[in-house]
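This report introduces a protein structure to a reader who has not met it before. The sequence and the structure are shown first, and the description follows.

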Amino acid sequence: MDNIDLKILAQLQQDSSIAVADLAAEVGCSRTACWRRIKSLEETGVIRAQVSLLDRKKLDLPVTVFVAIKTSRHDVEWLKKFAETVDNFPEIMEFYRMSGDIDYLLKVVVPDVAAYDRFYHRLIQRIDLSDVSSNFAMEEIKFTTALPLQGG
């Protein structure tokens, strides 16, 4: 991956709907070369998907909750069941296995506290958890999906 690839990726992170001709002009290569580079980045999995970012508030999903989970189970079968359970909750936007004091961290978006409470009850009915701690975000100060690219 060279500097032109990084420039392409930086531009696509800002606007994936940009026309190939405009992108090529922006990064300094021909339209055909730009298109080939994009296809190569897709084939190698560097570009995983092209999506539209939606406004959560306009879709009545203004509440973000970070859910810290501790468990007494650490075997492969339990983790597989937990991952499958999490996959069936559209409210869970992100799911991480952590080091440190907590075992797992979830990012959940919901319309309100009552919806979170319903989510919580559904979650604990489906999987055995030792401790669940919910932290409600008061304000979103920075949000980006753009990765920090060197040279882009």
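## Terms and basis

Helices (H or I, at least four residues) and strands (E, at least two) are DSSP runs, and they are numbered from the N terminus. The model described here is predicted.

## Salt bridges within and around helix α3

Side chains of opposite charge can pair when their charged atoms come close. In this model there are 7 salt bridges. One of them joins the side chains of K39 and E42, with a distance of 3.2 Å from N to O. Both K39 and E42 belong to helix α3, where they are 3 residues apart, about one turn of the helix. K39 has a relative accessibility of 30% and therefore counts as partly exposed; E42, at 28%, also counts as partly exposed.

Helix α3 takes part in another salt bridge, between R37 and D2, whose closest N and O atoms are 2.8 Å apart. This pair links distant parts of the chain: D2 is in the segment before α1 (3–14), R37 is in helix α3 (residues 31–43), and 35 residues separate them. D2 counts as partly exposed because its relative accessibility is 34%, and R37, at 23%, is likewise classed as partly exposed. D2 and R37 also belong to a network of salt bridges that includes D5.

## A link across the sequence

A further salt bridge is formed by E140 and R56, with 3.3 Å between the closest N and O atoms. E140 lies in the segment after β4 (131–136) and R56 in the loop between α3 and β1 (63–70), so this salt bridge ties together parts that are 84 residues apart in sequence. The relative accessibility of E140 is 47%, which means that E140 counts as partly exposed.

## The sheet

Four strands form an open sheet in the order β2-β3-β1-β4, with antiparallel pairing. The edges are occupied by β2 and β4; each has a single partner strand, so one side of each is left without a neighbour in the sheet. Direction ignored, neighbouring strands of this sheet are turned against each other by 20 degrees on average.

The pairing of β1 with β3 is antiparallel and runs over 7 bridges. T64 stands opposite V109, a residue of β3.

## The loop between β2 and β3

The loop between β2 (92–97) and β3 (104–110) contains G100. With 66% relative accessibility, G100 counts as exposed, because exposed means over 50%. Between the C-alpha atoms of G100 and S30 the separation is 49 Å, and the two residues are 70 residues apart along the chain.

## The largest pocket

Rolling a probe the size of a water molecule over the atoms shows where empty space is left. The largest pocket encloses about 1500 Å³ of space. Its lining consists of 38 residues, and those nearest the centre are V51, S52, L53, F143 and T145.

Which elements each supply at least two residues of this lining? They are α1, β1, β2 and β3. The largest share, 4 residues, comes from α1. By residue class, the lining of the largest pocket divides into 20 nonpolar, 7 polar and 11 charged residues.

Conventions:
Residues are numbered from 1 along each chain as its sequence is written. This is a predicted model: local features need pLDDT of at least 70, side-chain atom pairs count only at pLDDT 80 or more; totals for chains, interfaces and linings use all residues. Side-chain values use heavy atoms; hydrogens and water are left out. A salt bridge is a side-chain nitrogen of Lys or Arg within 4 Å of a carboxyl oxygen of Asp or Glu. Buried means under 20% relative accessible area, exposed over 50%, partly exposed in between (1.4 Å probe, protein chains only). On a 1 Å grid over the protein atoms alone, a cavity is a set of points where a 1.4 Å probe fits but cannot get out, and a pocket is an open set with protein on both sides within 12 Å along at least five of seven lines; lining residues have an atom within 4 Å of a point. Grid points are joined across faces, edges and corners, and a volume is the space filled by probe spheres set on the points. Ala, Val, Leu, Ile, Met, Phe, Trp, Tyr, Cys and Pro count as nonpolar, Asp, Glu, Lys and Arg as charged, and the others, Gly among them, as polar. Two strands pair if DSSP finds at least two bridges between them. Axes are lines fitted to C-alpha atoms, for helices over the stretch in contact, and angles run from 0 to 180 degrees between N-to-C directions.
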